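Trainee: Could you take one part of this structure and look at it closely with me? I would like to follow a single contact and then see what surrounds it.

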Amino acid sequence: MSRLHNPQFVAALAAVALLGGCSGDLNPMRMAYGTGEAGPPAKTPDFVAQSRRGGGDFMPVGVSAPARPVRAKSAEGTKALEDELMAARGRNEAKGRSAESAAGKTGQAPKP
């Protein structure tokens, strides 16, 4: 009986393959570079380093986010914004009706 027909050998081979996939040391590039790293980190180009803001670190775990510099709108500000948006909606609908009637006068069918 050959090894591939032996159920115990096939099961052991499958177990080794499955467990080998869980290992982090099987990276083939690790041997190529010796340390497992891809070499020293590349130097950041000057234009990138100059465009970054200072203090770009992540916030530590368990620390609350700082207060936002902009406050939420008041009830009056929210109502004014809502009225402004409703007026803009009305203007857009009126322009749409005007364009639709102009297209009807030229004999063109309105596009959906």
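Mentor: Let's start where the side chains of Asp83 and Lys79 meet in a salt bridge, with 3.4 Å from N to O. That distance fits the cut-off, since a salt bridge needs the nitrogen and the carboxyl oxygen to be within 4 Å. Please keep in mind that this is a predicted model.

Why can these two partners reach each other? Asp83 and Lys79 are four residues apart in helix α4, so about one helical turn separates them. The general rule behind this is friendly to remember: an α-helix has 3.6 residues a turn, so residues three or four places apart point the same way.

Now, are the two partners buried or exposed? Neither word fits, because partly exposed covers the range between under 20% and over 50% relative accessible area. Asp83 is partly exposed at 41%, and Lys79 is partly exposed too, at 44%.

Follow the helix along and you meet another pair. Arg89 forms a salt bridge with Glu93, and their closest N and O atoms are 3.3 Å apart. Here again both residues lie in helix α4, four residues apart, or about one turn. Glu93 has a relative accessible area of 40%, so Glu93 counts as partly exposed.

Let's step back to the helix that carries these pairs. Helix α4 runs over residues 75-106, which makes 32 residues. From the first C-alpha to the last, α4 reaches 47 Å, close to the 46 Å expected at 1.5 Å a residue. Just after α4 comes Gly107, which takes a positive phi of about 90°.

How far can you trust this part? Among the elements of the chain, α4 has the highest mean pLDDT, 92, while helix α2 (residues 28-33) has the lowest, 60. Over the chain the average is 79, and 71% of the residues score at least 70. Where pLDDT is low, the predicted coordinates should not be read in detail.

To finish the picture, how many salt bridges does a search of the whole structure find? The search finds three. Besides the pairs we have met, Asp46 forms a salt bridge with Lys43, the closest N and O atoms being 3.5 Å apart. Lys43 has a relative accessible area of 67%, so Lys43 counts as exposed.

For a contrast with these charged pairs, look at Phe9, Val10 and Leu13, which make a nonpolar surface patch of about 240 Å². Val10 sits in helix α1 (residues 7-20), and its 39% relative accessibility counts as partly exposed.

Technical notes
Residues are numbered from 1 along each chain as its sequence is written. This is a predicted model: local features need pLDDT of at least 70, side-chain atom pairs count only at pLDDT 80 or more; totals for chains, interfaces and linings use all residues. Side-chain values use heavy atoms; hydrogens and water are left out. Helices (H or I, at least four residues) and strands (E, at least two) are DSSP runs, numbered from the N terminus. The expected span of a helix is 1.5 Å times one less than its number of residues. Patches are made of residues with over 30% relative accessible area and no salt bridge: like charges are joined within 9 Å, nonpolar side chains (Val, Leu, Ile, Met, Phe, Trp, Tyr) within 5 Å. Accessible areas come from the Shrake-Rupley method with a 1.4 Å probe; for residues, only the protein chains shown count as cover. Buried means under 20% relative accessible area, exposed over 50%, partly exposed in between (1.4 Å probe, protein chains only). pLDDT is the predictor's confidence in each residue, from 0 to 100.
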